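Please work through the exercises below with the sequence and the coordinates open beside you. Each task sentence is followed by a solution that goes step by step.

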Amino acid sequence: MSAPAAAVVPPGDAAEPWLPPEAPLEMPVQDLRAGTLAHPRLPSTPRSIGWRRSFVFGGTAGLTLLAAYQMWWLMRGDGIAVLEGVLLALFVLLFAWIAFSFMGALAGFARVVGRPVLRLGLSADGPLPTLSTRTALLVPVYNEDPQRTFAGVQAILESVVATGQGAYFDCFILSDTRKDDIARAEERAFLALRERLGDGIGLYYRRRRDNAERKAGNVAGWVRRFGGAFAQMLILDADSLMSGDTIVRLAGAMERNDDVALIQTLPVVVNGGTVFARMQQFSGRVYGPVIAHGVAWWHGAESNYWGHNAMIRTRAFAQCAGLPELRGKEPFGGTVLSHDFVEAALMRRGGWALHMEPGLGGSYEDGPPSLTDMLVRDRRWCQGNLQHSLVLPARGLHWISRMHLLVGIGHYFTAPMWAMLMLVGLSIPLQAAGIDGEGGGYSPFAYWRAADPERFLWVFALTMALLFMPKILGFVATVLDRGTRRACGGALRMTAGLLLETVLAALMAPITMYLQSRGVAEVLAGRDSGWDAQRRDDGSLPLSALLARYGGLTLFGVGAGIVAYLVSPGLAAWMSPVIAGLVLSIPLVALTSARAPGDWLRRARIFATPEETVPPQVVRRAGALRTSG
């Protein structure tokens, strides 16, 4: 049973008057240089996991070998020079990347269309399980808007209480806020919410004096002080929303499956107001399920953890997930930034199963309101993921856990690799043509096609098909689902959304590629990303800020376009998608960050999603509370 909401602290804790009695749980710091993998195969591992992984990795290898051979054939004529060797290596690595995504999406498409049965005894509807253990809902916050945060917390807790099993849950607001005015507002919002909730559910607040180890340290500090009283903990971000039914079903699944340490849901992006946020909302809802079902299918009991909207067995987390300081100087050494991947890998090393269940529903989050906000967040993730290169050699990790770490690292190296592939692909025909004032007929497309027209077009078409196929498969799967199709505005509006999202994403790609490449370079040069609060609603920037952030990109794009045209109109045409994205970066970011165009798209039902058409109760309630305060 839950401790009553009015519980007082033990003697000596008068400085923290809003906490329950402590229930310490030992959480030792793990040693990455020592350890063995416990239980290579777990009870909840799917019986077909071997052939599932063979399908994904074997298909990736087969497609990559086929494309690599065709590319080698195109370049083999006079022998492969140094630049051609570099191009071939980049092509193979990047093709393997997109082939890997395609194979996962293909598996996910088959599962979504086939309407898979949920694992671990979970169900999206039907009777709720009767719980027998306690669960803590943890909400780490850092300089967040208190009204916004506590509106979401209230909506979640009311939904939990409505299940009739609120007595098995307590909620802890774990503040790392550094600004005193925000902290005072947090306290006022907490006390007001506690009074409104009464004895229906336990609600507690703690603000750390020292925010060492950031979010990971915040959660670990709670585990060491209070974790002994709770069998499970549900980690929520400040913008997370989850329905009470889903939370109870997750807690029930943990009680039924003794080998499971973590169940990760698929958070659906909601509340998109700007064009950019609505793009993210649409793409996540339409393309995301196919991708998520695909990775869940081959991850099996070795799934990953995304840091929020996941149910975790407290004992397993305490036993296995105490994070060490990484050796060396920042930004690689020191505190583990992207802690979730590492915590998942260590729990699996300790013999616990980790599952993703994207079909459960009832899990939501807000997306970044603008490209700028996404890139700021992405810069921090870049440092955290590159830091995982120090975790990769850790002893005893499951090979799938190493794959998760490797994929996270590779995600940030793909941007500079695409840039290098483009530059080398332009340099080779340019070198062959020469810059002597007679290059007016220079065309990279014509150069590469001349070697073997049919083979070149075949390789180009295959690459583009695999690149866009996850998006197409997601779109088709959504259209085939009558209810979801109607809730997204119908097939015509969905097609308009697909085309608009593809065009905008293509224009933003050069901006993202440049800034991600710069982020990788900054991390490698030793520059730390810092730790700033995220903007949740307003993505707009004044013109001065847009000029400061994107003016250099605009000038670079203009200069690149002029130089390309002077070399050859064919070169300018070949580079036009990249040049256009750079030149238009300021108006593009301004347009997609504004609410007025987003409101127009909402009225036109472009980028509509089921959660927007008929908002779930917890989303609707949180929105009403945010605006009423």
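## Exercise 1: The nonpolar cores

Task: In the largest nonpolar core, which residues touch the most other members?

Solution. The largest nonpolar core of this predicted model has 48 residues, and of these Leu137, Phe169, Ile173 and Ile247 touch the most other members. Taking Ile247 as the example and leaving aside its neighbours within four places in sequence, one finds it in contact with Leu137, Ile156, Val160, Phe169, Leu234, Met242 and Met311. A second core, separate from the largest one, has 31 residues, among them Val56, Ile400, Phe456 and Leu462.

## Exercise 2: The sheet

Task: Work out in what order the strands of the 7-stranded open sheet are arranged, and which strands stand at its edges.

Solution. Step one is the order, which reads β3-β2-β1-β4-β8-β6-β9, and the pairing along it is mixed. Step two concerns the edges: β3 and β9 (residues 353-356) each have a single partner strand, so one side of each is left without a neighbour in the sheet. Step three is the twist, which averages 20 degrees from one strand to the next.

Step four takes individual pairs, with the reminder that strands of a sheet pair through backbone hydrogen bonds, either parallel or antiparallel. β1 and β2 pair in the parallel sense over 7 bridges, and here Leu137 stands opposite Cys171 in β2. β6 has the parallel sense with β9, over 4 bridges, whereas β6 and β8 (residues 310-313) pair in the antiparallel sense over 3 bridges. For the register of these two pairings, Gln264 stands opposite Met356 in β9, and Ile263 stands opposite Met311 in β8. Strand β6 itself (residues 260-264) is mostly covered, with 5 of its 5 residues buried.

## Exercise 3: Helices on the sheet

Task: Determine which strands α3 lies across and which strands α5 lies across, and then examine how α5 is enclosed.

Solution. Helix α3 (residues 146-162) lies across β1, β2 and β3, and runs at about 170 degrees to β1. Helix α5 lies across β1, β2, β3 and β4, running at about 145 degrees to β1.

The geometry of α5 comes next: this helix covers residues 214-226, has 13 residues and reaches 18 Å from its first C-alpha to its last, close to the 18 Å expected at 1.5 Å a residue. Since 10 of the 13 residues of α5 are buried, the helix is largely enclosed by the rest of the structure. The buried positions are Lys215, Ala216, Gly217, Asn218, Val219, Ala220, Trp222, Val223, Arg225 and Phe226. These buried residues pack against β1 (135-141), β2 (169-175), β3 (202-207) and β4 (232-235), and also against two helices, α9 (314-320) and α10 (339-349).

Helix α10 is mostly covered in its turn, with 11 of its 11 residues buried, including the charged-residue positions Asp340, Glu343, Arg348 and Arg349. After α10 comes Gly351, whose phi is positive, near 95 degrees.

## Exercise 4: Two residues and their surroundings

Task: Is Val141 buried or exposed, and which residues does Phe109 touch beyond its neighbours in sequence?

Solution. Val141 has its place in strand β1. The relative accessibility of Val141 is 5%, and because buried means under 20%, Val141 counts as buried. Leaving aside its neighbours within four places in sequence, Val141 is in contact with Thr149, Ile173, Leu174, Ser175, Asp176, Thr177, Glu186 and Ala238. As a check on distance, the C-alpha atoms of Val141 and Pro510, which are 369 residues apart along the chain, are separated by 33 Å.

Phe109 is found in helix α2 (residues 82-113). Not counting residues up to four places away in sequence, Phe109 touches Val290, Leu473, Val476 and Ala477. The C-alpha atoms of Phe109 and Leu66, 43 residues apart along the chain, are separated by 23 Å.

## Exercise 5: Cysteines

Task: How many disulfides does a search of the whole structure find, and are Cys171 and Cys488 buried or exposed?

Solution. A disulfide is a covalent bond between the sulfur atoms of two cysteines. The search of the whole structure finds 0 disulfides. Cys171, at 1% relative accessibility, counts as buried, and Cys488 is likewise buried, with a relative accessible area of 1%.

Key
Residues are numbered from 1 along each chain as its sequence is written. This is a predicted model: local features need pLDDT of at least 70, side-chain atom pairs count only at pLDDT 80 or more; totals for chains, interfaces and linings use all residues. Side-chain values use heavy atoms; hydrogens and water are left out. A disulfide is a pair of cysteine sulfur atoms within 2.5 Å. Buried means under 20% relative accessible area, exposed over 50%, partly exposed in between (1.4 Å probe, protein chains only). The expected span of a helix is 1.5 Å times one less than its number of residues. Contact means heavy atoms within 4.5 Å. A nonpolar core is a set of buried Ala, Val, Leu, Ile, Met, Phe, Trp, Tyr and Cys residues joined through side-chain atoms within 4.5 Å. Two strands pair if DSSP finds at least two bridges between them. Axes are lines fitted to C-alpha atoms, for helices over the stretch in contact, and angles run from 0 to 180 degrees between N-to-C directions.
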